[in-house]
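Welcome! Open your viewer, switch to a cartoon view, and let's take a short walk through this model together.

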Amino acid sequence: MWRASFEHGVGITDPHPLEEQLAYFRDEVLPHHRVQLAWQGTTLVGFVASNSQSVAQLHVKVGLHRQGIGSHLLRLAKSASNGSLWLFTFQQNTVARLFYEHHGFRAVKFGFEPTWQLADVKYEWHAGGNAA
């Protein structure tokens with residue numbers, strides 16, 4: 001689900017072997033983030049990996065967008081934050097960008113992600129809508 005969601009949103013095929021992706025999740029994401037899952041029955045339909053300062057991953061199963069799953073997961077991340085969050089997404093992921101902007105995040109920095117060789121954007125959210 002994670003890989004399909006990423007590929008759908010960014011519009012590219014992930015060239016990394018699944019084992020490499022799993023190792024990244026195990027070694028980099030899990031030790032530093034709380035992972036919360038969204039289920040419909042016995043089907044995993046989304047997850048968010050976040051800590052009190054940032055959202056590292058937020059994915060919803062392809063075909064289930066605009067049903068409130070991502071909004072619910074983002075609310076969980078916000079409620080566990082220290083009053084602000086930051087995250088990165090790729091500039092070409094217009095669906096994610098519109099989603100985050102709808103939920104009060106503001107673009108604060110445009111850059112380039114060297115691993116993926118893609119332009120990215122850093123977003124920030126502050127409780128009460130105040131910018132830092």
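Which strands does helix α4 lie across, and at about what angle does α4 run to β4? Keep in mind that this is a predicted model. Select residues 94-102 to show α4: this helix lies across β4, β5 and β6, and runs at about 165 degrees to β4.

Next, stay with the strands beneath your selection. They form an open, antiparallel sheet in the order β4-β6-β5. Color β4 and β5 (106-113): these two stand at the edges with a single partner strand each, so one side of each has no neighbour in the sheet. From one strand to the next, the twist averages 25 degrees. Zoom in on β5 and β6, which pair in the antiparallel sense over seven bridges. Show Lys 109 here, and you will find Lys 122 of β6 opposite.

Now move to the other sheet. Three strands, ordered β1-β2-β3, make an open sheet with antiparallel pairing. Its edge strands are β1 (34-40) and β3 (55-60), each pairing on one side only. Here the twist averages 20 degrees between one strand and the next. Select β2 (residues 43-50) and follow the five bridges that join this strand to antiparallel β3; Ser 50 stands opposite Val 55 in β3.

Last stop: helix α1, residues 2-10. Show side chains for its buried residues, Trp 2, Ser 5, Phe 6 and Val 10. Looking down the axis of α1, you will see them fall within an arc of 110 degrees, so they line one face of the helix. They pack against α2 (18-29), β2, β3, β4 (84-90) and β6 (118-126). Finish at Gly 11, which follows α1 and has a positive phi near 80 degrees.

Definitions and conventions:
Residues are numbered from 1 along each chain as its sequence is written. This is a predicted model: local features need pLDDT of at least 70, side-chain atom pairs count only at pLDDT 80 or more; totals for chains, interfaces and linings use all residues. Side-chain values use heavy atoms; hydrogens and water are left out. Two strands pair if DSSP finds at least two bridges between them. Helices (H or I, at least four residues) and strands (E, at least two) are DSSP runs, numbered from the N terminus. Axes are lines fitted to C-alpha atoms, for helices over the stretch in contact, and angles run from 0 to 180 degrees between N-to-C directions. Buried means under 20% relative accessible area, exposed over 50%, partly exposed in between (1.4 Å probe, protein chains only). The arc is that of the directions from the helix axis to the C-beta atoms. Contact means heavy atoms within 4.5 Å.
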